[in-house]
Amino acid sequence: MKQYVVDAFTDEVFYGNQAAICIMDQWLPESLMMNITRENNFSETAFAVKESDKYHLRWFTPGGEIDLCGHATLACAYVLFRFYIHDKDEVVFSTLSGDLTVSKRGELLEMEFPAYHLKSVPVTEAMSEAIGAVPSEAYLGRDLLCVFDDEDIVRSLEPNMEKLLNLDGLLLQVTAPGKETDCVSRSFAPKLNVTEDPVCGSGHCHIVPYWADKLEKENIVAYQASKRGGMLYCKMSGDRVILAGKAALFSECELYI
(Lines give C-alpha, C1' and ligand atoms only; values in the text may rest on other atoms or scores of the structure.)
Protein backbone atom coordinates (compact mmCIF):
# COMPACT_ATOMS: atom_id res chain seq x y z
CA MET A 1 0.00 0.00 0.00
CA LYS A 2 1.30 3.45 -0.95
CA GLN A 3 2.01 6.00 1.77
CA TYR A 4 3.20 9.59 1.46
CA VAL A 5 4.72 11.86 4.11
CA VAL A 6 3.93 15.53 3.58
CA ASP A 7 4.97 18.63 5.52
CA ALA A 8 1.93 20.92 5.63
CA PHE A 9 1.71 24.69 6.07
CA THR A 10 5.22 25.17 4.69
CA ASP A 11 6.88 25.24 1.28
CA GLU A 12 10.00 23.34 2.35
CA VAL A 13 10.61 20.01 4.05
CA PHE A 14 11.58 19.78 7.72
CA TYR A 15 9.17 22.60 8.56
CA GLY A 16 5.41 22.77 9.06
CA ASN A 17 3.50 19.74 10.32
CA GLN A 18 4.16 16.19 9.20
CA ALA A 19 1.30 13.95 8.14
CA ALA A 20 1.37 10.45 6.70
CA ILE A 21 -1.21 9.96 3.94
CA CYS A 22 -2.52 6.56 2.80
CA ILE A 23 -4.67 6.52 -0.36
CA MET A 24 -6.51 3.18 -0.45
CA ASP A 25 -8.91 1.26 -2.67
CA GLN A 26 -10.91 0.04 0.31
CA TRP A 27 -10.96 0.41 4.08
CA LEU A 28 -8.62 -1.53 6.32
CA PRO A 29 -9.69 -2.79 9.75
CA GLU A 30 -9.56 0.07 12.26
CA SER A 31 -7.08 -1.85 14.42
CA LEU A 32 -4.67 -2.03 11.47
CA MET A 33 -5.04 1.69 10.74
CA MET A 34 -4.23 2.40 14.39
CA ASN A 35 -1.14 0.17 14.17
CA ILE A 36 0.05 2.06 11.07
CA THR A 37 -0.58 5.36 12.88
CA ARG A 38 1.41 4.29 15.93
CA GLU A 39 4.21 2.95 13.72
CA ASN A 40 4.44 6.33 11.95
CA ASN A 41 4.24 8.15 15.30
CA PHE A 42 3.30 11.48 13.68
CA SER A 43 0.62 13.66 15.22
CA GLU A 44 -1.71 12.43 12.45
CA THR A 45 -1.94 9.71 9.84
CA ALA A 46 -4.79 10.13 7.37
CA PHE A 47 -6.54 7.43 5.34
CA ALA A 48 -8.64 8.17 2.26
CA VAL A 49 -10.84 6.01 0.03
CA LYS A 50 -12.55 7.29 -3.14
CA GLU A 51 -16.33 7.03 -2.90
CA SER A 52 -18.24 8.27 -5.96
CA ASP A 53 -17.14 11.87 -6.64
CA LYS A 54 -15.69 12.39 -3.12
CA TYR A 55 -12.94 10.95 -0.97
CA HIS A 56 -13.89 9.59 2.45
CA LEU A 57 -11.17 10.88 4.79
CA ARG A 58 -10.37 9.73 8.33
CA TRP A 59 -7.72 11.09 10.71
CA PHE A 60 -5.92 9.10 13.39
CA THR A 61 -3.55 10.23 16.13
CA PRO A 62 -1.46 7.76 18.15
CA GLY A 63 -4.22 8.12 20.77
CA GLY A 64 -7.14 7.38 18.46
CA GLU A 65 -9.39 8.75 15.72
CA ILE A 66 -10.34 12.45 15.82
CA ASP A 67 -13.14 14.49 14.26
CA LEU A 68 -11.13 17.20 12.52
CA CYS A 69 -7.54 17.76 11.37
CA GLY A 70 -6.49 20.65 9.18
CA HIS A 71 -2.88 19.86 8.31
CA ALA A 72 -3.57 16.24 7.34
CA THR A 73 -6.49 17.38 5.16
CA LEU A 74 -4.23 19.84 3.37
CA ALA A 75 -1.55 17.15 3.04
CA CYS A 76 -4.05 14.64 1.63
CA ALA A 77 -5.32 17.16 -0.93
CA TYR A 78 -1.72 17.92 -1.93
CA VAL A 79 -1.09 14.20 -2.56
CA LEU A 80 -4.31 13.77 -4.54
CA PHE A 81 -3.67 16.83 -6.74
CA ARG A 82 -0.06 15.78 -7.38
CA PHE A 83 -0.49 12.04 -7.96
CA TYR A 84 -4.15 11.11 -8.52
CA ILE A 85 -6.32 13.97 -9.85
CA HIS A 86 -3.91 16.11 -11.90
CA ASP A 87 -6.71 17.78 -13.88
CA LYS A 88 -8.73 18.93 -10.84
CA ASP A 89 -8.58 22.18 -8.91
CA GLU A 90 -10.93 21.04 -6.14
CA VAL A 91 -11.49 17.94 -4.04
CA VAL A 92 -14.32 17.21 -1.61
CA PHE A 93 -13.72 15.06 1.47
CA SER A 94 -16.46 13.28 3.39
CA THR A 95 -15.47 13.35 7.08
CA LEU A 96 -16.75 13.12 10.64
CA SER A 97 -17.08 16.93 10.50
CA GLY A 98 -19.14 16.87 7.30
CA ASP A 99 -18.01 17.60 3.75
CA LEU A 100 -14.74 19.54 3.53
CA THR A 101 -13.58 21.13 0.28
CA VAL A 102 -9.96 21.89 -0.61
CA SER A 103 -9.27 24.15 -3.58
CA LYS A 104 -6.16 25.31 -5.42
CA ARG A 105 -5.64 29.07 -5.11
CA GLY A 106 -2.41 29.81 -6.94
CA GLU A 107 0.41 28.41 -4.77
CA LEU A 108 -1.93 27.91 -1.82
CA LEU A 109 -4.31 25.10 -0.95
CA GLU A 110 -7.45 26.52 0.64
CA MET A 111 -9.72 24.63 3.04
CA GLU A 112 -13.06 25.58 4.57
CA PHE A 113 -13.79 24.26 8.06
CA PRO A 114 -16.53 24.78 10.63
CA ALA A 115 -15.61 27.29 13.33
CA TYR A 116 -15.84 26.12 16.93
CA HIS A 117 -18.14 28.08 19.21
CA LEU A 118 -16.07 29.59 22.02
CA LYS A 119 -17.48 29.85 25.53
CA SER A 120 -15.67 32.17 27.93
CA VAL A 121 -14.48 30.31 31.04
CA PRO A 122 -12.68 31.53 34.16
CA VAL A 123 -8.89 31.42 34.27
CA THR A 124 -8.09 28.95 37.03
CA GLU A 125 -5.06 28.20 39.14
CA ALA A 126 -5.00 24.72 37.60
CA MET A 127 -4.65 26.27 34.12
CA SER A 128 -1.79 28.54 35.21
CA GLU A 129 0.05 25.71 36.97
CA ALA A 130 -0.30 23.34 34.02
CA ILE A 131 0.65 25.92 31.39
CA GLY A 132 3.40 27.58 33.42
CA ALA A 133 2.04 31.12 32.96
CA VAL A 134 -1.17 33.00 33.75
CA PRO A 135 -3.40 33.61 30.70
CA SER A 136 -5.40 36.81 30.43
CA GLU A 137 -8.45 35.00 29.02
CA ALA A 138 -9.69 31.44 28.52
CA TYR A 139 -12.32 29.93 26.24
CA LEU A 140 -13.65 26.43 25.67
CA GLY A 141 -14.69 24.87 22.37
CA ARG A 142 -13.56 21.37 21.46
CA ASP A 143 -10.22 22.57 22.84
CA LEU A 144 -9.21 24.90 25.64
CA LEU A 145 -8.01 28.24 24.23
CA CYS A 146 -5.84 30.38 26.50
CA VAL A 147 -4.90 33.91 25.47
CA PHE A 148 -1.72 35.75 26.49
CA ASP A 149 -0.72 39.38 25.99
CA ASP A 150 2.85 38.74 24.86
CA GLU A 151 4.12 36.62 21.96
CA ASP A 152 7.34 35.87 23.84
CA ILE A 153 5.37 34.12 26.61
CA VAL A 154 3.75 31.79 24.08
CA ARG A 155 7.08 31.00 22.44
CA SER A 156 8.79 30.17 25.76
CA LEU A 157 6.07 28.04 27.39
CA GLU A 158 6.99 24.58 28.69
CA PRO A 159 3.68 23.16 29.95
CA ASN A 160 3.42 20.27 32.38
CA MET A 161 1.95 17.46 30.27
CA GLU A 162 0.65 15.49 33.25
CA LYS A 163 -1.22 18.52 34.58
CA LEU A 164 -2.60 19.34 31.10
CA LEU A 165 -4.40 15.99 31.19
CA ASN A 166 -6.61 17.36 33.97
CA LEU A 167 -7.74 20.48 32.10
CA ASP A 168 -10.97 20.72 30.11
CA GLY A 169 -10.82 20.44 26.33
CA LEU A 170 -9.27 17.91 23.99
CA LEU A 171 -6.20 20.01 23.12
CA LEU A 172 -4.69 23.11 24.67
CA GLN A 173 -4.33 26.05 22.29
CA VAL A 174 -2.29 29.05 23.46
CA THR A 175 -2.18 32.29 21.50
CA ALA A 176 -1.03 35.91 21.64
CA PRO A 177 -0.90 38.90 19.29
CA GLY A 178 2.02 38.59 16.88
CA LYS A 179 4.78 41.07 16.18
CA GLU A 180 5.00 40.21 12.47
CA THR A 181 1.69 38.38 12.03
CA ASP A 182 -1.80 38.91 13.44
CA CYS A 183 -1.27 36.16 15.99
CA VAL A 184 1.07 33.42 17.12
CA SER A 185 0.05 30.15 18.72
CA ARG A 186 1.13 26.75 19.96
CA SER A 187 -0.85 23.52 20.36
CA PHE A 188 -0.45 20.77 22.97
CA ALA A 189 -2.26 17.42 22.87
CA PRO A 190 -1.13 15.00 25.60
CA LYS A 191 -4.64 13.47 25.67
CA LEU A 192 -3.90 12.24 22.13
CA ASN A 193 -0.37 11.10 22.99
CA VAL A 194 1.01 14.13 21.12
CA THR A 195 3.14 16.45 23.23
CA GLU A 196 3.10 19.43 20.84
CA ASP A 197 1.37 19.58 17.46
CA PRO A 198 3.77 21.51 15.16
CA VAL A 199 0.96 23.22 13.18
CA CYS A 200 -2.65 22.58 14.17
CA GLY A 201 -5.29 23.37 11.54
CA SER A 202 -8.29 22.46 13.70
CA GLY A 203 -6.79 24.53 16.52
CA HIS A 204 -7.08 27.56 14.26
CA CYS A 205 -10.82 26.89 14.06
CA HIS A 206 -10.67 28.21 17.65
CA ILE A 207 -7.85 30.73 17.24
CA VAL A 208 -9.07 32.49 14.09
CA PRO A 209 -12.64 33.18 15.36
CA TYR A 210 -11.14 34.72 18.51
CA TRP A 211 -8.72 37.03 16.67
CA ALA A 212 -11.17 37.93 13.90
CA ASP A 213 -13.56 39.18 16.59
CA LYS A 214 -10.83 40.79 18.68
CA LEU A 215 -9.15 42.59 15.78
CA GLU A 216 -12.43 43.26 13.95
CA LYS A 217 -11.08 41.89 10.66
CA GLU A 218 -11.90 38.90 8.47
CA ASN A 219 -8.41 38.05 7.22
CA ILE A 220 -5.94 36.71 9.78
CA VAL A 221 -2.31 35.77 9.11
CA ALA A 222 -1.31 33.25 11.79
CA TYR A 223 2.06 31.79 12.72
CA GLN A 224 2.37 28.56 14.71
CA ALA A 225 5.46 29.09 16.87
CA SER A 226 6.52 25.47 17.34
CA LYS A 227 10.11 24.35 16.72
CA ARG A 228 9.16 23.42 13.14
CA GLY A 229 6.97 26.50 12.63
CA GLY A 230 4.21 27.05 10.11
CA MET A 231 2.26 29.84 8.38
CA LEU A 232 -1.50 29.87 7.90
CA TYR A 233 -3.47 32.37 5.81
CA CYS A 234 -6.94 32.48 7.33
CA LYS A 235 -10.32 34.11 6.84
CA MET A 236 -13.58 34.12 8.77
CA SER A 237 -16.61 33.56 6.55
CA GLY A 238 -19.79 33.47 8.63
CA ASP A 239 -19.53 30.41 10.85
CA ARG A 240 -16.77 28.90 8.71
CA VAL A 241 -13.00 29.28 8.87
CA ILE A 242 -11.00 29.31 5.64
CA LEU A 243 -7.43 28.07 6.12
CA ALA A 244 -4.84 28.26 3.37
CA GLY A 245 -1.25 27.11 3.20
CA LYS A 246 1.43 25.33 1.21
CA ALA A 247 2.82 21.81 1.43
CA ALA A 248 6.04 19.95 0.62
CA LEU A 249 6.52 16.25 -0.15
CA PHE A 250 9.08 14.52 2.06
CA SER A 251 8.69 10.90 0.95
CA GLU A 252 6.61 8.28 -0.78
CA CYS A 253 6.92 4.63 0.12
CA GLU A 254 5.35 1.18 0.01
CA LEU A 255 3.87 -0.26 3.21
CA TYR A 256 4.30 -4.02 3.68
CA ILE A 257 1.37 -5.05 5.83
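## Exercises on a predicted model

The lining of the largest pocket is made up of six nonpolar, four polar and four charged residues. This is a predicted model, in which local features need pLDDT of at least 70 and side-chain atom pairs count only at pLDDT 80 or more, while totals for chains, interfaces and linings use all residues. Residues are numbered from 1 along each chain as its sequence is written, and side-chain values use heavy atoms, without hydrogens and water.

**Exercise 1.** State how much space lies in the largest pocket and which residues are closest to its centre.

*Solution.* Step 1: the largest pocket (an open set of points on a 1 Å grid where a 1.4 Å probe fits, with protein on both sides within 12 Å along at least five of seven lines) holds about 210 Å³. Step 2: 14 residues line the pocket, and the closest to its centre are Phe9, Thr10, Asp11, Gly230 and Met231; a lining residue has an atom within 4 Å of a point. Step 3: strand β16 (residues 230-237) contributes the most to this lining, with three residues; a strand is a DSSP run of E with at least two residues.

**Exercise 2.** Compare the expected span of helix α6 with its end-to-end distance, then decide whether α6 is largely enclosed or not.

*Solution.* Step 1: α6 covers residues 204-215, twelve in number; a helix is a DSSP run of H or I with at least four residues. Step 2: at 1.5 Å a residue (times one less than the number of residues), α6 should span 16 Å, and its end C-alpha atoms are 15 Å apart, which agrees. Step 3: nine of the twelve residues are buried, so α6 is largely enclosed by the rest of the structure; buried means under 20% relative accessible area, exposed over 50%, and partly exposed in between, with a 1.4 Å probe and protein chains only. Among the buried ones are His204, Tyr210 and Trp211. Step 4: just after α6, Glu216 has a positive phi of about 55°.

**Exercise 3.** Find how many disulfides the structure has, and check Cys69 and Cys205.

*Solution.* Step 1: a search of the whole structure gives zero disulfides, a disulfide being a pair of cysteine sulfur atoms within 2.5 Å. Step 2: the closest cysteine sulfur to that of Cys69 is in Cys200, 7.0 Å away, too far for a bond. Step 3: Cys205 is in no disulfide either, since the nearest cysteine sulfur, that of Cys200, is 8.5 Å away. Step 4: Cys69 is buried at 3% relative accessible area, and Cys205 is buried at 0%.

How values were computed:
Points joined across faces, edges and corners; volume = space filled by probe spheres on them. Nonpolar A, V, L, I, M, F, W, Y, C, P; charged D, E, K, R; others polar.
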